[in-house]
Amino acid sequence: MTSHKFKIGQTVALVPSIARPAASGDYQIISLRPADNSEIPKYRIKSSNEAHERVVTENDLVPPAEFDGA
């Protein structure tokens with residue numbers, strides 16, 4: 001079983017994607033989700049700038065200090 005890199009309550013940045021419009025700024029990890037067939041852990045995240053939560057893979061997240069917005 002693959003372990004999660006981030007923990008519940010941790011602040012992360014969502015890597016921008018053309019295919020996925022999203023609010024800028026930090027997101028908080030709300031819950032850990034099981035990996036699917038790809039074996040990449042998933043997370044439920046929430047931004048204070050959006051009304052809804054998102055489910056994303058670990059590959060879509062970085063610690064905020066590592067994300068320079070470029």
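Two residues are in contact when they have heavy atoms within 4.5 Å of each other. Keep that in mind while we walk through this model, which is a predicted one. Take the contacts in the protein chain between residues with a separation of 6 or more: 43% of them link residues 24 or more positions apart.

Let's start with the overall build. What does the chain use, helices or strands? There are 0 helices and 5 strands, and the pattern along the sequence reads β-β-β-β-β. The radius of gyration is 12 Å, close to the 11 Å that the globule rule gives for 70 residues, so the chain is as compact as a globular protein of that length. If you drew a box around the C-alpha atoms along the principal axes, the box would be roughly 30 × 20 × 20 Å. On the outside, the protein chain exposes about 4600 Å², and carbon and sulfur atoms supply 51% of that. As for the inside, 26% of the 70 residues count as buried.

Now for how the strands sit together. They make an open sheet of 5 strands in the order β4-β3-β2-β1-β5, and the pairing is antiparallel. Why do β4 and β5 each have one side without a neighbour in the sheet? Both stand at the edges and have a single partner strand each, so one side of each is left free of a neighbour.

Have a closer look at β3. On one side, β3 runs antiparallel to β2, and 5 bridges join the two. On the other, β3 pairs with β4, again in the antiparallel sense and over 5 bridges. You can follow this through R44: the residue is the bridge partner of S31, and R44 also has a bridge partner in β4, namely V55. Y43 likewise has a partner in β4, which is V56.

To get from β3 to β4, the chain goes through a hairpin of 6 residues. H52 is found in this loop, and with 42% relative accessibility H52 counts as partly exposed. Try finding P63 as well: P63 is 11 residues from H52 along the chain, and their C-alpha atoms are separated by 21 Å.

Strands often get easier to read once you ask where the side chains go. In β3, Y43 and I45 form a covered face, while K42, R44 and K46 form an uncovered one. In β4, the side chains alternate too: R54 and V56 point to one face and are buried, whereas E53, V55 and T57 point to the other and are not.

So what ends up inside? In soluble globular proteins, nonpolar side chains tend to be buried together. Here, the largest nonpolar core has 9 residues: F6, V12, L14, Y27, I29, Y43, I45, V56 and L61. The strands β1, β2 and β3 each supply at least two residues of this core. Both residues on the covered face of β3, Y43 and I45, belong to the core. L61 is a good place to look around from. Leaving out residues up to four places away in sequence, L61 touches F6, V12, A13, L14, V15, I29, Y43, I45 and V56.

Two members of that core deserve a last stop. The structure holds 1 aromatic pair, and the partners are F6 and Y43, arranged edge-to-face with 5.7 Å centre to centre and 65° between the planes. F6 lies in the segment before β1 and Y43 in strand β3, so the pair ties together parts that are 37 residues apart in sequence. Are these two buried or exposed? Buried means under 20% relative accessible area. F6 has 2% relative accessibility, so F6 counts as buried, and Y43, at 0%, counts as buried too.

Note on methods
Residues numbered from 1 in each chain as written. Predicted model: local features only at pLDDT ≥ 70, side-chain atom pairs only at ≥ 80, totals over all residues. Heavy atoms only, no water. Phe/Tyr/Trp six-rings, centres within 6.5 Å; stacked < 30°, edge-to-face > 60°. Helix = DSSP H or I, 4+ residues; strand = E, 2+ residues; numbered from the N terminus. Buried < 20%, exposed > 50% of the residue type's maximum accessible area, 1.4 Å probe, protein only. Pairing = 2+ DSSP bridges. Core = buried A, V, L, I, M, F, W, Y, C linked by side-chain atoms within 4.5 Å. Rg over C-alpha atoms; globule rule 2.2 N^0.38 Å. Areas by Shrake-Rupley, 256 points an atom, 1.4 Å probe, with all protein chains shown as cover.
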